[in-house]
Amino acid sequence: MSTDEPPSDVKEAFLKYASAAAANMTVEQFHSFLVEFQGDQTASMADAQRIVEQVLQRRHHVISKLTKHSLNLDDFYYYLFSMDLNPPVSDQVHQDMRAPLSHYYIYTSHNTYLTGNQLSSDSSDVPIINALKSGVRVVELDLWPNSEEDDIDVLHGRTLTTPVEFVRCLKSIKENAFIASPYPVIITLEDHLTPDLQAKAAENIKETFGDMLFFPEAEYLQEFPSPEELKYRIIISTKPPKEYLRSKNVKGENSSSEDETDDEDGVDTSESESSESDDSDYESYATGVSEYKRLIAIHAGKPKGGLKEALKVGADKARRLSLSEKALKKATKSHGMDVIRFTQKNMLRIYPKGTRVNSSNYNPMSAWLHGAQMVAFNMQGYGKSLSLMYGMFRSNGGCGYVKKPDFLLTVDPHGKVFDPNAKLPVKRTLKVKVYMGVGWNLDFESTHFHLYSPPDFYARIGIAGAPDDAIIKRTEIKEETWSPVWNEEFTYPLTIPELALLRIEVYSYNISDKDVFGGQNCLPVPEVKAGIHAVPLFDRKGSKYSSVKLLLRFEFS
């Protein structure tokens, strides 16, 4: 909490709701503040009582059962600056979870097993564990025969990445799948295995997961089940093994990995999808592979023909299509509304282009705007794009499933879907007031920002979202202070508020060199609570600082 005086808005709010004579705010008055000023219509008198008691316990370490509890101005200020008592976004699941899986954005990782870059880092189950614990719901494993060709390794094929055993990855998934969320974990397999090893993979999967595994009753699902129906279940998604080229099977030489090719229509051969081409070279798959095929609940695969063909919506089966970020760009340029129509029933997975060998990521906004559910990211590729991903999946209690906006799920009476290129009017306006920031002196060395003087902080507050909504605004620089007070207000008109993310960054200005990073956060605008809230800041890797936080006010009109 700041040693500075509370901002004038805080004092005014306190005086408006407190008893003028006693200069104290009773539980009843505090409840009125929560409902009216903070706009929390769900706040009960019991909630108000609990918060007041916790504030008094923390600040004064004693609560008498006999006296009527109330807050003074400093207690009230403490509450507003408290990250756990007054967060900007709810941590509860609150969306309808009974719609088909295709109606949700799903927190998706790319090559989840890699510890670093795409070419020479180690494969391990540790990044898989970390991803699941952070709420990721889609894990990708690339399966290859081991050097003896009698077992299965997970690694990035045709690179110098070291392998990790498939079975070890499966066990780690089982142990960590539902720590962060009860909703289903989907394992996407990119399979470069012989028929014998496909049969072995099926055995490993069944042995590890047992009853947790979701088996579809029919070979193809006409519609995906809901996250609610699939709670605590594991789902397998890959291309069904039809036939397999055995004659030249040297470490999957003839299986195309997802990052290799974009054909001229912009549909990528992914998860070995290229193996659907020429039947004459193929032998029938071995007995036991049918067992592997039976495990697949979400069928991946590339239909013959170009992009237009790939995006056709079949009445009898829901499926998954994978496109690289590059192919998505091409697809949305020429077939934007077809992509949206496809994603109303089917899954679309987007993955980073093959040149991102340093495990960087792309801007996810276009993919989300076109309804893509699985926007696959390198979870070790820290940067602006990953912070947007973190922001999006803070929604809905951080459960890893976020309901797509209704406009992406509906068809108008003329059979038309949402046009992502249409000019739209402003639907909602967000006003953000940046009061102040505190905590850097507790979380950083005194020389971290400048060797001989306190930091010169400024904040950048921007919107990431639809192209017309994207904008960045910045405060003035507050020189030589560990507790900057800005008191600046910014307005953001939004045409698609449903997909807007509020990006918050703090830097210390450096006249002779690069400005020094001082923390960031990213909040999903639809989930942001109105009123004055404490906003914690995170480091570049997404870990929360212990003490650094901003005091902001949010207003919607």
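**Exercise 1. Helix α12**

Which residues of α12 are buried?

Solution. The model is a predicted one. Start with the extent of the helix: α12 covers residues 384-392. Next, apply the cut-off, under which a residue is buried if its relative accessible area is under 20%. The residues of α12 that pass are S385, L386, S387, L388, M389, G391 and M392. Finally, count: 7 of the 9 residues of α12 are buried, so the helix is largely enclosed by the rest of the structure.

**Exercise 2. The second largest cavity**

Identify what lines the second largest cavity and classify the lining residues.

Solution. Step one is the search, which finds 2 cavities of 30 Å³ or more in the whole structure. Step two is the volume; for the second largest cavity it is about 50 Å³. Step three lists the lining: S387, Y390, R394, Q520, N521, C522, F538 and G542. Step four assigns these residues to elements. Both α12 and β21 (516-524) supply at least two of them, and β21 has the largest share, with 3 residues. Step five sorts the lining by type, giving 3 nonpolar, 4 polar and 1 charged residue. S387, a lining residue here, is also one of the buried residues of α12.

**Exercise 3. The second largest pocket**

Describe the lining of the second largest pocket, from its centre to its elements.

Solution. Begin with the volume of the second largest pocket, about 700 Å³. Its lining comprises 36 residues, and those nearest the centre are N363, M365, S366, G465 and P467. Two or more lining residues come from each of α10 (325-343), α11, α12, β17 (457-464), β18 (471-474) and β20 (501-508). Of the contributors, α10 gives the most, with 6 residues. By type, the lining of this pocket divides into 18 nonpolar, 8 polar and 10 charged residues. α12 thus appears in two linings: that of the second largest pocket and that of the second largest cavity.

**Exercise 4. Positive phi outside glycine**

Locate N111 and S359, give the phi of each, and decide whether each is buried or exposed.

Solution. Take N111 to begin with. N111 sits in the loop that runs between β3 (104-106) and α5 (126-133). Its phi is positive, about 40°, although N111 is not a glycine. The relative accessibility of N111 is 1%, so N111 counts as buried.

Now take S359. The loop between β13 (347-351) and α11 (365-369) holds S359. S359 is not a glycine either, yet has a positive phi of about 65°. With a relative accessible area of 1%, S359 is buried.

**Exercise 5. Aromatic pairs**

Classify the ring pairs F14 with F76 and Y183 with Y401, and place each pair in the chain.

Solution. A pair of aromatic rings is described by the distance of the centres and the angle of the planes. The structure holds 22 aromatic pairs. For F14 and F76, the centres are 5.5 Å apart and the planes stand at 45°, so this pair is tilted. The pair links distant parts of the chain, with F14 in helix α1 (residues 8-17) and F76 in helix α4 (residues 73-80), 62 residues apart. F14 and F76 are both buried.

For Y183 and Y401, the centres are 6.3 Å apart and the planes stand at 65°, so this pair is edge-to-face. Here too distant parts of the chain are linked: Y183 is in the loop between α6 (166-176) and β7 (185-191), Y401 is in strand β15 (residues 401-403), and 218 residues separate them. Y183 and Y401 are both buried.

As a last step, look at the cluster that ring pairs form from F14, Y17, F30, F33, F37, F76 and Y79.

**Exercise 6. P425**

Where does P425 lie, and is it buried or exposed?

Solution. P425 belongs to the loop between β15 and β16 (428-438). Its relative accessibility is 61%, so P425 counts as exposed. The C-alpha atom of P425 is separated by 8.4 Å from that of L494, which is 69 residues away along the chain.

**Exercise 7. The whole chain**

Summarise the secondary structure, burial, contacts and surface of the chain.

Solution. First, the elements: the chain has 13 helices and 23 strands. Second, burial: 57% of the 557 residues are buried. Third, contacts: among those with a separation of 6 or more, 73% join residues 24 or more positions apart. Fourth, the surface: about 23700 Å² is exposed, and carbon and sulfur atoms supply 49% of that area.

Key: Residues are numbered from 1 along each chain as its sequence is written. This is a predicted model: local features need pLDDT of at least 70, side-chain atom pairs count only at pLDDT 80 or more; totals for chains, interfaces and linings use all residues. Side-chain values use heavy atoms; hydrogens and water are left out. On a 1 Å grid over the protein atoms alone, a cavity is a set of points where a 1.4 Å probe fits but cannot get out, and a pocket is an open set with protein on both sides within 12 Å along at least five of seven lines; lining residues have an atom within 4 Å of a point. Grid points are joined across faces, edges and corners, and a volume is the space filled by probe spheres set on the points. Helices (H or I, at least four residues) and strands (E, at least two) are DSSP runs, numbered from the N terminus. Ala, Val, Leu, Ile, Met, Phe, Trp, Tyr, Cys and Pro count as nonpolar, Asp, Glu, Lys and Arg as charged, and the others, Gly among them, as polar. Buried means under 20% relative accessible area, exposed over 50%, partly exposed in between (1.4 Å probe, protein chains only). Contact means heavy atoms within 4.5 Å. Accessible areas come from the Shrake-Rupley method with a 1.4 Å probe; for residues, only the protein chains shown count as cover. Rings of Phe, Tyr and Trp (its six-membered ring) pair if their centres lie within 6.5 Å; planes under 30 degrees apart count as stacked, over 60 as edge-to-face and the rest as tilted.
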